[in-house]
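Here is a short report on one protein chain. Please keep the sequence and the 3D view open while reading.

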Amino acid sequence: MRIDKTATDGPQSGDIIDQPANNAAPPAATGSGGGKNGGPTTPFHKRIGPDGFADALNMGVRAVRRNIAFVMLLTLGTNVLILAIPIYLFQISDRVLTSRSVDTLIMLTVVIVGAVLVQTILDALRRFILMRSAVEVAARLGAPILSAAAHASLHGNGREYQTLADLQQMRGFLVSGTLISFLDVPFAPLFVIVIFMVHPHLGSIVIITSLVLLVIAVINQKMTARPFAEANSAQSRANMHLDSMARNSQIINALAMVPEAVRIWGKDTATSLTAQVHAQDRNIIFASMSRAARLLTQIGMLGWGANLAIQGEITGGMVIAASIIAGRALAPIEGSIEGWNSFLLSRAAYGRIADLMRRSRSRFERLVLPHPEGRLDVERLLYVPGGTKQVVLNGLSFHLNPGETLGVIGNSGAGKTTLGKMLVGSILPTSGSVRLDLMDLRNWDPRQLGECIGYVPQDVQLFPGSIKDNIGRMRDDATDADIHRAAVLADVHEMIAALPHGYETVVAADGSPLSGGQKQRVALARAFFGDTRLLVLDEPNANLDAAGDRALARAIEHAKQSKITVVVITQKPSLLKVVDKIMMIADGNVALFGVRDQVLQKLAERSTNNQEITK
């Protein structure tokens, strides 16, 4: 066996160590999905439909529009029947009191009571429909928004999950009185026409007041839009700091950082409150102006109507009825101005939801392949993070046969963790490809790919629930036999059995009562759950003691015996004893790659040469 120092394909370069002939890459399989020759030996998975986030948004919007259209019909009936009381007052004042007819009074009362009851029922119906529309929106969009946020957060800053709060904002607006006022505004001209029928002078007064209220509403929108936006932005930053404090509470207390954390949160909160006070002050002023305009209009109508009644042009009953109708015509405009902030918040919330849903990559239905054997091919992998020019990975290429184990080493910042994330598909390469059984990870069905991949990230997080639930990946169909098998393969069964409640031990969001090493070992069992064919471990022994290291080494041996392909990213030399191959990454390039013993020998020679040069 010899050591050849050659250049690899593309920009990748390094010392490539010859491997035995029996480790050569096998020829491409002719079966579907890279299975063995002669056809697949395992059944196909159930086909899963496409995941189109924009389509889900459009369906939700159509459902709301359909319900709103029906609500508008009910609103028309409600507003028409509201005229019953003014007409009742007009008839009593001008006919019943003058004719002193009890029969007429009884008949009018019965008719008006019926109209009021129908109006009440229609109003209740439209509120019921709006409430159910809000529930339908939450039911239709909740899961797609959460899915879109989960996908977008891989390349975002974590704010995508706040879109669920935006959904709650929209839901609250659909059942608010502000929306009712907005729906009543289009029917204000109906009341104005009725007032014109009473007398043109009174109708003109209402028209002038409506124009004044319209001007007030426009000015209010212009004057409050910016401070409300500043308040919402600052509050969003404060909420992010609050989430960060919750996740890092132990560090904050241990390092006495509570005053600084509170100061940062308080600064953004104070900015939000200040901007909100400025906006609300302006909104209150304009709302008061609109209320004053409405009250002055009613006074003006009563005064001018009395003058017209003195001149004999209208009756006293008409004056009272016109005043009531004018108040009803102007009330929704006033309510819209008062609730303008709620409308702005809801509009911004919908904009963020629409942006997330429409820019999220639709996950189309893909051909479901036979279960993979574990062959891994990495071809010219290049990764440059979006918005930067820094090359994290520069043309990496390597190949692993099913059941082979690779140890990835290198200095901090060399790109090892980024490589691990690409191998499981959580980060997409700028160019190049990662292939599992000859198929690019981007072309696998996401659900099927996740079921045959195990991953232990550098920062291990468990879900609130029992250890059994965490090992079973929170799946309802996880069987006890599969969970036990995963624990045995990961060599954590004895550790779990030593806990007071065993597999039923409940862990919190921070992993307590488990230690850091125990969390890593549970995460390793989670990675083994199911029929895993590719296992990627990123610093899996960072928090392990000597016994944990030995258990991890045995788990890797179990994986090799089960023909599971394993990639271990580590800084500890103890794990290198159980791997078949070693790859050293330096500045995003492959510096060394080959059989374990030969790479270790090369590293030892380099270390000796460096010591001699230093002397």
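The report below covers confidence, overall make-up, two helices, the salt bridges and two serines.

**Confidence**

This is a predicted model. The chain averages a pLDDT of 80, and 88% of the residues score at least 70. Among the elements, strand β12 (residues 565–569) has the highest mean pLDDT, at 91. Strand β1 (residues 3–4) has the lowest, at 38. Two stretches call for care. Residues 1–13 have a pLDDT below 50, and this stretch has 27 contacts in the model beyond near neighbours in sequence. Residues 18–50 also have a pLDDT below 50; here the model has 59 contacts beyond near neighbours in sequence. Where pLDDT is low, the predicted coordinates should not be read in detail.

**Overall make-up**

The secondary structure comes to 19 helices and 14 strands. The chain has 615 residues, and 44% of them count as buried. Its accessible surface is about 30800 Å². Carbon and sulfur atoms account for 61% of that surface. Contacts often span long stretches of sequence. Taking contacts with a separation of 6 or more, 76% are between residues 24 or more positions apart.

**Helix α6: two sides**

Which residues of helix α6 are buried? Helix α6 covers residues 188–198, and A188, F191, V192 and I195 are the buried ones. Seen down the axis of α6, these buried residues fall within an arc of 105°, so they line one face of the helix. An α-helix has 3.6 residues a turn, so residues three or four places apart point the same way. The other side of α6 carries I193 and M197, and both are exposed. These two are nonpolar names to look for on the outward side when the helix is turned in the viewer.

**Helix α3: a patch and a salt bridge**

Helix α3 runs over residues 102–153 and contains V135. V135 is partly exposed, with a relative accessibility of 43%. V135 also belongs to a nonpolar surface patch of about 530 Å². The other members of the patch are I121, L125, F128, M131 and V175.

The helix also holds a charged pair. D123 and R127 both lie in α3, four residues apart, which is about one turn of the helix. Their side chains meet in a salt bridge, at 3.1 Å from N to O. The two ends differ in cover. D123 has a relative accessibility of 17%; that is under 20%, so D123 counts as buried. R127 is partly exposed, at 41%.

**Salt bridges**

How many salt bridges does the chain have? The count comes to 20. Three of them are set out here.

| Pair | N to O distance |
|---|---|
| D123 and R127 | 3.1 Å |
| R442 and D440 | 3.1 Å |
| R475 and E451 | 3.2 Å |

In the R442 and D440 pair, R442 is partly exposed at 33% relative accessibility. D440 is buried, with a relative accessible area of 9%.

The bridge between R475 and E451 has its closest N and O atoms 3.2 Å apart. This pair links distant parts of the chain, with the two positions 24 residues apart in sequence numbering. R475 sits in the loop between α14 (467–471) and α15 (480–489), while E451 is in helix α13 (residues 446–451). R475 is partly exposed, at 26% relative accessibility. Elsewhere, salt bridges that share partners join D123, R126, R127, D184 and R328 into one network.

**Two serines**

Is S346 buried or exposed? S346 is buried, with a relative accessible area of 6%. S346 lies in helix α11 (residues 340–359). Leaving aside neighbours within four places in sequence, S346 is in contact with Q169, M170 and F173.

S574 is in the loop between β12 and β13 (581–586). S574 is partly exposed, with a relative accessibility of 33%. Which residues does S574 touch, not counting those up to four places away in sequence? S574 touches N541 and D549. S574 and R550 are 24 residues apart in sequence, and their C-alpha atoms are 9.0 Å apart in space.

Note on methods. Residues numbered from 1 in each chain as written. Heavy atoms only, no water. pLDDT = per-residue confidence, 0-100. Contact = heavy atoms within 4.5 Å. Buried < 20%, exposed > 50% of the residue type's maximum accessible area, 1.4 Å probe, protein only. Arc of directions from axis to C-beta. Patch = residues over 30% accessible without salt bridge, like charges linked within 9 Å, V, L, I, M, F, W, Y side chains within 5 Å. Areas by Shrake-Rupley, 256 points an atom, 1.4 Å probe, with all protein chains shown as cover. Salt bridge = Lys/Arg side-chain N within 4 Å of Asp/Glu carboxyl O.
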